[in-house]
Each structure stands twice: as structure tokens, then as C-alpha cells.
Amino acid sequence: MPHTHDASDSIDDALEASTHGIRALKISLFILLGTTILQFAVVLVSGSVALLADTIHNFSDALTAVPLWIAFLLGRRVATRRYTYGYGRAEDLAGLVIVAVIALSAVTAAWQSIERLINPQPLANLWWVMAAGVIGFLGNEAVAIYRIRVGQRIGSAALVADGVHARTDGFTSLAVVIGAAGVMLGFPLADPIVGLLISAAIIILLWGTVRSIGRRLMDGIEPDLAERAQLALESTPGVLSVSRVQLRWVGHRLQGAATIVVADTTLAEAEDVAHHAEQALLAALPKLDDMTIRTSAGKTAVAR
């Protein structure tokens, strides 16, 4: 059963969260496409192969918002006989796509850096190249901050992962700046060396993202959420103890089950305790959608 007596409350919360997520994707996609256009204009006047690669990279990465956008739209669909829990897990599948793109970005950056170590290429109009790199960094960092902030607020691990992805892209753009500065100082190998360092940084950030998405797919939950649920149930009047608490993410919403031990009393009184336990959980976990509470009194158990 939904955690409130009005099932539309949880549906409205889910729709509002997906609306915020889609808005974040729209705005960030617009910013990244604008950044890509500005960088491409500089490519035309500078002829920088490094900046061209970074421009193509940013453009392809901007398109990673598309599968996540689709996932948010799918998450709005109601549950069916086949998908009885709804379509919220589409976000986690989109997160896998984002992880794959991040990994591909790291491999591509490393490959390009090694290629330039073997076959160095001269750069022209370095000041323009540096300016374009700064534009790429600022655009990606703005998108990263926005996506991560919204993702954390609505509980979307996939949107947070996409924000981390944008941050890694900013580092790649910054590598163009550092490499161009090194070339200006008379060290032509600065560009590929910095590129390799950035590739290593992307791999490090990727590991944290893989763990986050993998934990969601395995029904893992942040320990503090389970502790908050436990404390909320234990503090409910009439609850003697809590023998089980289970939570899992379905997209950016929480579902779970719990068993509470109450005094050996009437069914109506046990139901009243369970109702107050639901309200306590809702206050402690605002992203909670569905919670099955089972009351146990000796050998008697009632599911709510």
C-alpha cells in the first residue's frame, strides 16, 4: 500500500521529481550544445586537431542526456501486469549507458594522447585554443554542478552519474588549456602527457559511478537511509521493537517492507500503530513511495 491513504500523493511526488530531472536535462543539454558550437567556431579559425577532438567529444557526451531523458519519461508510466513495480529502473539502465560512455571517453582520451606522443602535431592560434578550452571547462562544470544537485535532490543516481560525466568532460577541456600552455612555454609534449593524466582521473571518477549504479541494480541502499527508517519505526508509540527493515531504490523513489513488534492487543489497535509507523517513515524518508508494514505480536502477525 502507499505510505499515505491518498495514493495520488506518491504519484504526484514521483511526477514532480521526474519533471525536475527532465528540466535539468533540457537546460544542461542546451548549455553543452552551445559550448560545442563555440568550440567548433574556434576549431575553424585555429585548425587545432586537439580542440576538434574535444569538440566532438563534448557533442557526443551532450547526447548522453537523451537516454536519461527517455528513462525519466518511462518512469512516469503506471505499473502493468508485466512490470508490476513500474518503469523506474529505466534510470539505472540509462546509468549503465552513461558509464559506458565515460569509459569510452577515458579510452579515447588515452588513445589520442598516446597518438600525439608518437606523432606530435603543431598547434596554431594557441590563445584561441586556450580560450575555447576554458569555455568547454566552464560549460561542463556548470552542467555538472546543476545535474548533481538536482540528481541528489530527487534521488536519481543516473542523473548524478551524468553530472559526474560532465565534470570529467570539463577536465578533458581543461587538458587542452594546460597542453596549449605547455606548448607555448616550449614543451610540445605537454599536451599528450596532460591528456594521459586526465584519462587516469576519468577512470578514478568512473569507479565511484560504477559502484553507485551497481549498488542500485543490486537493490543496495545507503546505510543512513536504513538507519533513519529504523529509528523512525522504533520511536513510534506502541512499537516494542523492529525485527526487519528493507529498502530499495526504484528509479529515484524508495520502496520497502518492515516488520514491527507490538503488544499483544486487538487487530484495530495494531493497525493504528502501523498507521502511525507509516507517518513516521514518511516524515523520515520523503522519497518513500511504497512501504509494507507487518505487525507482529507473539505468534500473531498482520500485514498492512
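## Burial and the overall fold

A residue is called buried here when its relative accessible area is under 20%, and exposed when that value is over 50%. The model is predicted. By this cut-off, 46% of the 304 residues of the protein chain are buried.

The protein chain contains nine helices and four strands. Their order along the sequence is α-α-α-α-α-α-α-α-β-β-α-β-β. Among contacts in the protein chain with a separation of 6 or more, 73% join residues 24 or more positions apart. The accessible surface is about 14800 Å², and carbon and sulfur atoms account for 68% of that area.

## Helix α7

Helix α7 has 28 residues, and its first and last C-alpha atoms are 40 Å apart, close to the 40 Å expected at 1.5 Å a residue. Its buried residues are Ala 190, Asp 191, Pro 192, Val 194, Gly 195, Ile 198, Ser 199, Ile 202, Leu 206, Thr 209, Ile 213 and Arg 216. Just after α7, Asp 219 has a positive phi of about 60°.

Leu 197 also lies in α7. Leu 197 counts as exposed because its relative accessibility is 57%, and the cut-off for exposed is over 50%.

## The nonpolar surface patch

Leu 197 is one of the residues that make a nonpolar surface patch of about 680 Å². The others are Ile 114, Leu 117, Ile 118, Phe 187, Leu 189, Ile 193 and Leu 196. Two elements, α4 (90–118) and α7 (190–217), each give two or more residues to this patch.

## Helix α9

Helix α9 covers residues 267–284. With 18 residues at 1.5 Å a residue, α9 should span 26 Å, and its end C-alpha atoms are indeed 26 Å apart. Buried in α9 are Ala 270, Val 273, Ala 274, Ala 277, Glu 278, Leu 281 and Ala 284. Viewed down the helix axis, these buried residues fall within an arc of 150°, so they line one face of α9. An α-helix has 3.6 residues a turn, so residues three or four places apart point the same way.

The buried residues of α9 pack against one helix, α8 (223–234), and against the strands β1 (239–250), β2 (253–262) and β3 (288–297). On the face of α9 turned away from its buried side are the exposed residues Ala 268 and Ala 283.

Technical notes. Residues numbered from 1 in each chain as written. Predicted model: local features only at pLDDT ≥ 70, side-chain atom pairs only at ≥ 80, totals over all residues. Heavy atoms only, no water. Expected span 1.5 Å × (residues − 1). Buried < 20%, exposed > 50% of the residue type's maximum accessible area, 1.4 Å probe, protein only. Arc of directions from axis to C-beta. Contact = heavy atoms within 4.5 Å. Patch = residues over 30% accessible without salt bridge, like charges linked within 9 Å, V, L, I, M, F, W, Y side chains within 5 Å. Areas by Shrake-Rupley, 256 points an atom, 1.4 Å probe, with all protein chains shown as cover. Salt bridge = Lys/Arg side-chain N within 4 Å of Asp/Glu carboxyl O.
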